[in-house]
Amino acid sequence: MPSTSRLLVVAALLAGVAVYASLESSAATGPGFIRITDRQFGYTRVDVGPRGLSPGDQEIIFDMLFNRKITPKPIGSARFLCTFMGELVASGTVHYRQFYDLAIVGGTRLYNDARGTLTIIRTTSAPRPIREQLYFRLAG
């Protein structure tokens, strides 16, 4: 995964930990800053396409999270599954395969800062071949 993308994922994770910590505290006095560090304990690269980096390849990363000012032991963990995609990237959870929305979270080249939603509607009822309509709504 490109270092910028990994840094953004880690920053988002850290922001989530900070928000969660502030919600659980009864002594919160206002905005604050929590600094934690991570240490990578596992890394696997899966090359599924042509040899070398190509769409569909994956990186599986396992990190432990630390706050050495509180305890020398890990305070949590982070797991990353990074799949190398094409130029436009959508992410989310699918609960019902007939109709679902995903967040457009970026991309490469022309779609570097892309944001919006991707709505997918299945148009067939048989398991194979699956046919779907995809609607991209890019935010201005």
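Partly exposed here means a relative accessible area between the 20% that bounds buried and the 50% that bounds exposed. The model behind these views is a predicted one.

**View 1. Gly 56, in the loop between S1 and S2.** With a relative accessibility of 27%, Gly 56 falls in the partly exposed class. Look past the neighbours within four places in sequence and you'll find Gly 56 touching Val 48, Thr 83 and Phe 84. Val 46 is a handy reference point: ten residues separate Gly 56 and Val 46 in sequence, and their C-alpha atoms are 8.8 Å apart.

**View 2. The salt bridge between Arg 45 and Asp 57.** Searching the whole structure turns up two salt bridges, and this is one of them. The closest N and O atoms of the pair sit 3.6 Å apart. Arg 45 belongs to strand S1 (residues 37–46), while Asp 57 is in the loop between S1 and strand S2 (58–67), so the bridge ties together distant parts of the chain, twelve residues apart. The two ends don't share a setting: Asp 57 is buried at 0% relative accessible area, whereas Arg 45 is partly exposed at 34%.

**View 3. Glu 59, a buried acid in strand S2.** Glu 59 is buried but has no salt bridge. What is the nearest side chain of opposite charge? That would be Arg 45, 4.4 Å away. A salt bridge needs the side-chain nitrogen and the carboxyl oxygen within 4 Å, so a gap of 4.4 Å doesn't qualify. Glu 59 does have a polar contact, though: its side chain meets the side chain of Tyr 43 at 2.7 Å.

**View 4. The open sheet S1-S2-S3.** Three strands line up in that order, and they pair antiparallel. S1 and S3 are the edge strands; each has a single partner strand, so one side of each has no neighbour in the sheet. From one strand to the next, the twist averages 15°. S2 and S3 are joined by nine bridges in the antiparallel sense. To find your place in the sheet, look for Asp 63, which stands opposite Ala 78 in S3. As background, strands in a sheet pair through backbone hydrogen bonds, in either a parallel or an antiparallel way.

**View 5. The salt bridge between Arg 109 and Glu 87.** Here the side chains meet at 3.3 Å, N to O. The partners come from distant parts of the chain, 22 residues apart: Arg 109 is in the loop between strand S5 (99–107) and strand S6 (116–122), and Glu 87 is in the loop between strand S3 (71–83) and strand S4 (88–91). Arg 109 is exposed, at 67% relative accessibility, and Glu 87 is partly exposed, at 36%. The backbone of Arg 109 deserves a glance too: its phi is positive, about 50°, although the residue isn't a glycine. Most residues other than glycine have a negative phi.

**View 6. Arg 122, a buried base in strand S6.** Buried or not, Arg 122 has no salt bridge. The nearest side chain of opposite charge belongs to Glu 132, 4.4 Å away. Which residues does Arg 122 contact, leaving aside neighbours within four places in sequence? They are Arg 97, Gln 98, Ile 130, Arg 131 and Glu 132.

Key:
Residues numbered from 1 in each chain as written. Predicted model: local features only at pLDDT ≥ 70, side-chain atom pairs only at ≥ 80, totals over all residues. Heavy atoms only, no water. Helix = DSSP H or I, 4+ residues; strand = E, 2+ residues; numbered from the N terminus. Buried < 20%, exposed > 50% of the residue type's maximum accessible area, 1.4 Å probe, protein only. Pairing = 2+ DSSP bridges. Axes fitted to C-alpha atoms, helices over the stretch in contact; angles between N-to-C directions. Lys, Arg positive; Asp, Glu negative; His and termini not counted. Polar contact = N/O pair within 3.5 Å; in protein donor to acceptor, adjacent residues only side chain to side chain. Contact = heavy atoms within 4.5 Å.
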